[in-house]
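I wanted to keep a short record of one protein model. These are my notes, in the order in which I looked things up.

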Amino acid sequence: MHGHVGEHWEWDMDAKSPAARLSPCRRAVYFHTDPVLESEGTAGVRGTKGFSHGEHYWEIEFLEPPCGSSVMVGLGTKKALLHTGNYQFIDLLEVPIACVSGHQACSCQVFSTLLCCCVSEGMDCESWGLSYKGSVWHGGESRTYTQPFYDKSTVIGVLLNLHTGTLVFYRNGSSLGLAFSGLDQVGAPLYPLVSSTAPETELFLGLRTCRFTSLQEHCLQAIAQTLGQRAVTDRLPLPAALQEQLGVRCGHPSRTLLGVRT
């Protein structure tokens, strides 16, 4: 990607399904590895870094041929569902679940994908995904996007441009075209996600890069990388807006950005 620099996020040990196991480097994820239970539902895992600004690209390599009801690559907010049990074999990057608003519960139809669950407060679905069967999913709805891919070592690239609000997928280095738009209006950090229903699915997190267009964004990114993921940005002697942007880059948005008033 022209003008991009490397990033170093990984899969989050604290944001995954119990049916997902990570490698020591936290770049490989193995789904449904229990030799007795095999698969009891859909499992997902989230990246350690959420994106609110700039252009971001990452690649997912299929270490084994995809199979089963659903294997998906995509992104979502922190509210995206990461696990279903009880033998619910659905696509985690697109399924709405029951939502609760105040004391009234509203039922949402369960579709065939999990990376886009409906959340409380009547909000829209929170994830966007590409199935190995060639369809893209959001809000419980799908459309044909590309040809299915069944080969081992297939590499799916994800290009998220938060200046234009667009999401484009790549297959073995070739663009598959626009998948989604309007992502700059989500209002929350977007995190990489993968999910699978199939036993022994193996996915590897490869190239990760980003590009920022303004000097301020470059500076904020450099500061965030220096501070690290656990920095307490709210205590820095900076304007509130800069604290919020740093908090997002360090993996924990400030209370104000999350809508919490102090």
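The entries below go from the whole chain down to single residues.

**Entry 1: the whole protein**

I noted that this is a predicted model. I then asked how many helices and strands the protein has. I found two helices and 18 strands. I looked up burial next, and buried residues make up 50% of the 262 residues. For the surface, I read that the protein exposes about 12,300 Å², with carbon and sulfur atoms supplying 52% of that area. I also checked contacts between residues at least 6 apart in sequence, and 62% of them join residues at least 24 apart.

**Entry 2: confidence**

I looked up the mean pLDDT of the protein, which is 78. I wrote down that 74% of the residues reach 70 or more. Which elements have the lowest and the highest mean pLDDT? Strand β9 (residues 99-101) has the lowest, at 31, and β15 has the highest, at 98. I marked residues 86-92, where the pLDDT is below 50. Beyond near neighbours in sequence, that stretch still has 44 contacts in the model. I marked residues 254-262 as well, since their pLDDT stays under 50. For residues 254-262 the model has ten contacts beyond four places in sequence.

**Entry 3: strand β4 and its partners**

I turned to strand β4, which covers residues 28-31. Are its two faces covered or open? I found both faces covered. A28 and Y30 are buried on one side, and V29 and F31 are buried on the other. I added the rule behind this pattern: in a regular strand, side chains alternate between the two faces of the sheet.

I then looked for the strands that pair with β4. Strand β3 (residues 20-22) pairs with β4 in the antiparallel sense over three bridges. One bridge partner I noted is F31, which lies opposite A20. β3 and β4 form a hairpin with five residues between them. In the turn of that hairpin, R26 has a positive phi of about 60 degrees. Strand β18 (residues 201-211) also pairs with β4 in the antiparallel sense, over four bridges. In β18, the bridge partner of F31 is T201. I noted that F31 thus has a bridge partner in β3 and another in β18.

**Entry 4: F204 in β18**

I stayed with β18 and picked F204, which lies in that strand. Is F204 buried, partly exposed or exposed? I found a relative accessible area of 24%, so F204 counts as partly exposed, because buried means under 20% and exposed means over 50%. I listed what F204 touches, not counting residues up to four places away in sequence: R27, A28, E59, I60, E61 and L63. I checked one of these by distance. F204 and E61 are 143 residues apart in sequence, yet 5.0 Å apart in space, C-alpha to C-alpha.

**Entry 5: two loops with positive phi**

I looked at the hairpin of β15 and β16. Strands β15 (residues 166-171) and β16 (residues 174-180) run antiparallel and are joined by four bridges. R171 has S174 as its bridge partner in β16. Two residues lie between the strands, and N172 is in the turn. Phi of N172 is near 50 degrees, a positive value in a residue other than glycine.

I found a similar entry for E200, in the loop between β17 (191-196) and β18. Phi of E200 is near 60 degrees, and E200 is also not glycine. I noted E200 as exposed, with a relative accessible area of 53%.

**Entry 6: helix α1**

I looked up helix α1, residues 215-227. It has 13 residues and reaches 18 Å from its first C-alpha to its last, close to the 18 Å expected at 1.5 Å a residue. Which residues of α1 are buried? I found E217, L220, Q221 and A224. Seen down the axis of α1, these buried residues fall within an arc of 100 degrees, so they line one face of the helix. On the other side of α1, L215 and T226 are exposed.

**Entry 7: S131**

My last lookup was S131, in strand β11 (residues 127-131). S131 is at 2% relative accessibility and counts as buried. Leaving out residues up to four places away in sequence, S131 touches V71, M72, W137 and F149. I also noted S142, eleven residues from S131 in sequence and 9.7 Å from it in space, C-alpha to C-alpha.

Methods:
Residues numbered from 1 in each chain as written. Predicted model: local features only at pLDDT ≥ 70, side-chain atom pairs only at ≥ 80, totals over all residues. Heavy atoms only, no water. Buried < 20%, exposed > 50% of the residue type's maximum accessible area, 1.4 Å probe, protein only. Pairing = 2+ DSSP bridges. Contact = heavy atoms within 4.5 Å. Areas by Shrake-Rupley, 256 points an atom, 1.4 Å probe, with all protein chains shown as cover. Expected span 1.5 Å × (residues − 1). Arc of directions from axis to C-beta. pLDDT = per-residue confidence, 0-100.
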